[in-house]
Amino acid sequence: MLTTEDNERLTRVGPGTPMGQLMRLYWLPFLPSTDLPPGGQPQRVRLLGEELLAFKDSEGRLGLVDHACPHRGAPLVFGRNEDCGLRCVYHGWKFGVDGKVLDMPAEPADTRLKDKTRLKHYRCTERNGMVWAYMGPDQDAPPPLPHLEWNMVPQENVHVSFRVQECNWLQAVEGEIDSAHAAILHGRIDAQGAISEWVAKRDLRPIFECQKQDFGMSVASRRVLDDNTHYWRVNQFLLPFYTLVPPQSKYPELSGHAWVPLDDHHTLCIMFSYTPVTPFYEKTRKLFVEGHAGRETGHPSQDAYVPRPPTQPFAKYWTKFNNETGFLFNYDAQTKTWFSGLPGLWVQDAACQSGVAPIYDRSKEHLGISDTGIAMTRRLLLDSVRKLSAEGVKPPRYDDPELWMVRAVSLTLPASESWKDDGGKLAMTARLGEDFGYAL
């Protein structure tokens, strides 16, 4: 369990909060590059509790600025993206991507107000189809972008999706590093389908081992296959909000999420699935986009989205699966086919993570052995937040881009060997251009 005070410390991410201070040390992925064509429509976003606007000017330069004009507070989402700047439609004030005022048409030509006014702005860049923001204190010299394998393999090797989830970021993170739930929540009662064939289904009472790492936390679960063989699944938590899931299907892939905090109650779920060497499976990509037999897969399908007005942050990425719709729970399906009655993998996770409250009162919990990884990750985060806020000590290697070159693994090993041995360490190290490196 968490005390109420510690729960607040970990879930509140706005300006001036301890967790918000920690988050601002890191680059944040937040939009696909295709959402921001040069000279195109600005996009409302919200990151770490701040209301912002993203756009790419007519010269292709990225901007991430305050959503409100500093003149009279008009919404810049309606701004004209023209001639290397964003012009407010109220009085015509025009701003560059650096927040400087370029024009004040209703003011005298020699006005000094132009030099005194600056629109709040943050450093922004893109790589491999992803737009990144740095909201930290050193805007002039930010750390390098993290070397995350999913954002560095060729784009034909990866499928990335976006959706907004109505809960705080930590509830979402904890759902993915929890290896005990997968074979249960995502299971069927008719013994059909690929999930029923998961190796993890053979032993629903795994033994857990966790190890603190410079990058975050490794959460390993051991299942007994026979007297001589163990099956290890190692989920990874990477600071500040990444989770990696081990491969397990007949078409093995590496996958995970960036759980980017929008505010205390909403999370941008960026899911990535990729193959390290070969192009991604076209059949799988089609399933991700179209869904399967009316159900969702690990990614939101094209039919999952219910777009909102452009004045709302991330307007394109809200879905019909939420508390208002009951996540489209189907009791009849629960009695006949699906253990949960919820229509698809990511919906099952989202319903359990956010179905009670956007910030659940963790003082009411009763944690078990299977929650070891969650408890240790919380301690890691609390320790990181306290050191930064009280002593100014930043997490180890937070500015080393190689820190994030990590993989989650699923290893079948002799009972005498551990996932912590040299073979496991090698398999957990991401190396661009190299395959899994072990039998799946």
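**Figure 1. Salt bridges around β5 and β6.** The structure holds 27 salt bridges, and this is a predicted model. The close-up picks out a few of them, starting with Glu-82, which has two partners here. Arg-80 forms a salt bridge with Glu-82, with 2.8 Å between the closest N and O atoms. Glu-82 also forms a salt bridge with Arg-87, and there the closest N and O atoms lie 2.9 Å apart. Buried or exposed, what is Glu-82? Glu-82 counts as buried, because its relative accessibility of 19% falls under the 20% cut-off. Arg-87 is buried too, with a relative accessible area of 17%. Arg-80, at 49% relative accessibility, counts as partly exposed. As a general reminder, side chains of opposite charge can pair when their charged atoms come close.

**Figure 2. The small sheet that holds these residues.** Zoom out a little from the salt bridges and you get an open sheet of 4 strands, in the order β5-β6-β7-β8, with antiparallel pairing. β5 (80-82) and β8 (101-103) sit at the edges with a single partner strand each, so one side of each has no neighbour in the sheet. Which strand pairs with β5 over 3 bridges? That would be β6 (residues 85-87), and the two pair in the antiparallel sense. To get your bearings, look for Asn-81, which stands opposite Leu-86 in β6. In general, strands of a sheet pair through backbone hydrogen bonds, either parallel or antiparallel.

**Figure 3. A salt bridge along helix α7, and a network elsewhere.** Asp-332 and Lys-336 form a salt bridge, with the closest N and O atoms 3.1 Å apart. Why do these two sit about one helical turn apart? Because they are 4 residues apart in helix α7. Asp-332 counts as partly exposed at 41% relative accessibility, while Lys-336, at 53%, counts as exposed. For a set of linked salt bridges, turn to Arg-44, Arg-46, Glu-51 and Asp-263, which are joined into one network by salt bridges that share partners.

**Figure 4. A nonpolar patch on the surface.** Stay around α7 and follow the chain onward: Phe-339 is found in the loop between α7 (331-336) and α8 (345-354). How exposed is Phe-339? Its relative accessible area is 44%, so Phe-339 counts as partly exposed. Phe-339 forms a nonpolar surface patch with Ile-184 and Ile-189. Together, these three residues have about 270 Å² of accessible area.

**Figure 5. Back-to-back hairpins from β12 to β14.** Start at strand β12 (residues 207-213), which pairs with strand β13 (residues 216-226) in the antiparallel sense over 7 bridges. The two form a hairpin with 2 residues between them. Cys-210 makes a handy landmark here, as it stands opposite Val-219 in β13. Now follow β13 to strand β14 (residues 229-238). How many bridges join β13 to β14? There are 10, and these two strands run antiparallel. A hairpin through 2 residues joins β13 to β14. For a landmark on this side, find Ser-218, whose bridge partner in β14 is Gln-236.

**Figure 6. Pro-261 and its surroundings.** Pro-261 has its place in strand β16 (residues 254-261). Since its relative accessibility is 0%, Pro-261 counts as buried. Which residues does Pro-261 touch, leaving out those up to four places away in sequence? The list is Val-13, Met-23, Leu-47, Leu-48, Trp-169, Phe-241 and His-266. Take Phe-241 from that list: it is 20 residues from Pro-261 along the chain, and their C-alpha atoms are separated by 8.5 Å.

**Figure 7. The whole chain, for orientation.** Stepping back from the close-ups, the protein chain has 10 helices and 18 strands. Its radius of gyration is 23 Å, close to the 22 Å that the globule rule gives for 440 residues, so the chain is as compact as a globular protein of that length. Its C-alpha atoms fill a box of roughly 85 × 50 × 45 Å along the principal axes. Of the 440 residues, 55% are buried. Among contacts with a separation of 6 or more, 61% are between residues 24 or more positions apart. The chain exposes about 19,300 Å², and carbon and sulfur atoms supply 51% of that area.

Technical notes. Residues are numbered from 1 along each chain as its sequence is written. This is a predicted model: local features need pLDDT of at least 70, side-chain atom pairs count only at pLDDT 80 or more; totals for chains, interfaces and linings use all residues. Side-chain values use heavy atoms; hydrogens and water are left out. Patches are made of residues with over 30% relative accessible area and no salt bridge: like charges are joined within 9 Å, nonpolar side chains (Val, Leu, Ile, Met, Phe, Trp, Tyr) within 5 Å. Accessible areas come from the Shrake-Rupley method with a 1.4 Å probe; for residues, only the protein chains shown count as cover. A salt bridge is a side-chain nitrogen of Lys or Arg within 4 Å of a carboxyl oxygen of Asp or Glu. Buried means under 20% relative accessible area, exposed over 50%, partly exposed in between (1.4 Å probe, protein chains only). Two strands pair if DSSP finds at least two bridges between them. The radius of gyration is taken over C-alpha atoms; the globule rule is 2.2 Å times the number of residues to the power 0.38. Contact means heavy atoms within 4.5 Å.
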